[in-house]
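Colleague: Could you take me through the model shown here? I would like to go over burial, the core and the backbone.

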Amino acid sequence: MLGFLVRLLPFWIREPLIILVGTVFGVRILFMALVDGEGWVPAVIGAVFLLGAALRVRVVVHALRARRRRAPATEAELEPVTPAPVIPAPVTPAVRRPVEKKPNAFAQASFAIGLFAVIGGALWIEGKLPEDGTAATGASRPAACRLDEDEELPSAYRSTPGAVTGADLCRALNRTELPELLGTPAERSVYASGTDNTAPLTDRKVAQPEARVEFETYTVELSATYNKLTVAQYAKLTTYGDGRDARKLTVLGRPALLTSDHMMKIQFDLGSGEGASGPVEQGPLARTLTVAFDGKDRGGSYDLTVWSESGLLPDDSALVDIAEAILPRITRGARDQD
């Protein structure tokens with residue numbers, strides 16, 4: 001519909017309008033790609049817009065040259081013409097023809113300007129609309145969750161009543177307010193995923209879905225383990241190890257435990273020569289908040305883990321705030337389960 005309306009415009013209004021729109025969009029998209037780090041795809045799109053605008057400029061230049069060029073006079077036009085004898089013709093009454101109305105240049109220009117204003121206003125309003133029912137406070141849009149939709153759901157999920165999936169966890173965790181809860185409100189998620197895993201050493205009989213959201217500063221991981229281990233039993237196990245950083249507390253009326261542990265770091269050489277394969281190394285320190293499924297602590301728990309490559313960790317209160325904001329929003333529904 002928009003293309004049809006643009007084709008109705010006169011040439012000398014349509015072409016400058018297309019050049020203006022193409023240049024504005026091209027420069028803006030290239031700015032997003034080169035300055036904001038959006039990747040190479042927006043850079044290609046912006047280059048295509050600028051290339052289209054350049055081709056339109058060339059068309060306008062050729063049209064101007066053709067308009068200014070005048071056809072040379074022929075020899076017949078330069079020779080004097082001898083007037084032929086005039087024979088009077090019978091006089092016939094003149095027929096008055098209706099005057100053809102020429103297109104109003106001012107009206108056409110006003111229509112073009114109004115059309116461009118409508119397009120710009122629509123794009124501006126779209127950027128101000130709230131997302132997922134939240135107010136348009138300027139918060140950055142989170143990255144979309146990457147899911148393994150084609151993979152078959154393990155049988156452990158179908159045999160576990162109420163088990164959620166990685167998609168359910170990612171949908172609850174990947175919220176616009178998560179950076180503010182972490183203490184980095186200016187950041188936005190650069191990667192988000194949900195996987196339908198099973199707990200290790202259980203012969204794939206215990207469901208353990210996971211979700212991960214990555215930022216420039218922190219990485220947040222949320223998992224649910226549907227086993228019979230209670231938080232109280234897990235707290236006792238920490239006393240046999242290095243449990244100096246362990247702390248018991250209550251979150252949402254449920255038993256909870258804060259623990260610290262190092263992540264694992266593995267390097268692979270993919271043939272680029274930039275890295276070498278090696279044994280598993282100790283990674284950055286991570287802080288985990290384990291919360292029971294219910295207040296009676298009858299087995300199973302959620303694990304909320306936060307870490308960063310720099311080794312910095314948010315306050316324990318930030319993990320509690322995230323758990324109180326995220327856990328009530330976990331609902332089933334990403335996949336139909338039997």
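Modeller: The following turns cover a helix, the core and some loop residues. This is a predicted model, in which local features need pLDDT of at least 70, side-chain atom pairs count only at pLDDT 80 or more, and totals for chains, interfaces and linings use all residues. Residues are numbered from 1 along each chain as its sequence is written, and side-chain values use heavy atoms, with hydrogens and water left out.

Colleague: Why is helix 7 largely enclosed by the rest of the structure?

Modeller: Helix 7 (residues 166-173; helices are DSSP runs of H or I, at least four residues, and strands runs of E, at least two, numbered from the N terminus) is largely enclosed because seven of its eight residues are buried. Buried means under 20% relative accessible area and exposed over 50%, with partly exposed in between, for a 1.4 Å probe and protein chains only.

Colleague: Which residues are those?

Modeller: They are G166, A167, D168, L169, C170, A172 and L173.

Colleague: On to loops: where is L201 found, and is it buried or exposed?

Modeller: L201 is found in the loop between strand 2 and strand 3 (207-214). L201 is exposed, at 91% relative accessible area, and has a positive phi of about 60° although it is not a glycine.

Colleague: And D297, buried or exposed?

Modeller: D297 is buried, with a relative accessible area of 11%. Its phi is also positive, near 55°, and D297 sits in the loop between strand 7 (281-292) and strand 8 (301-307).
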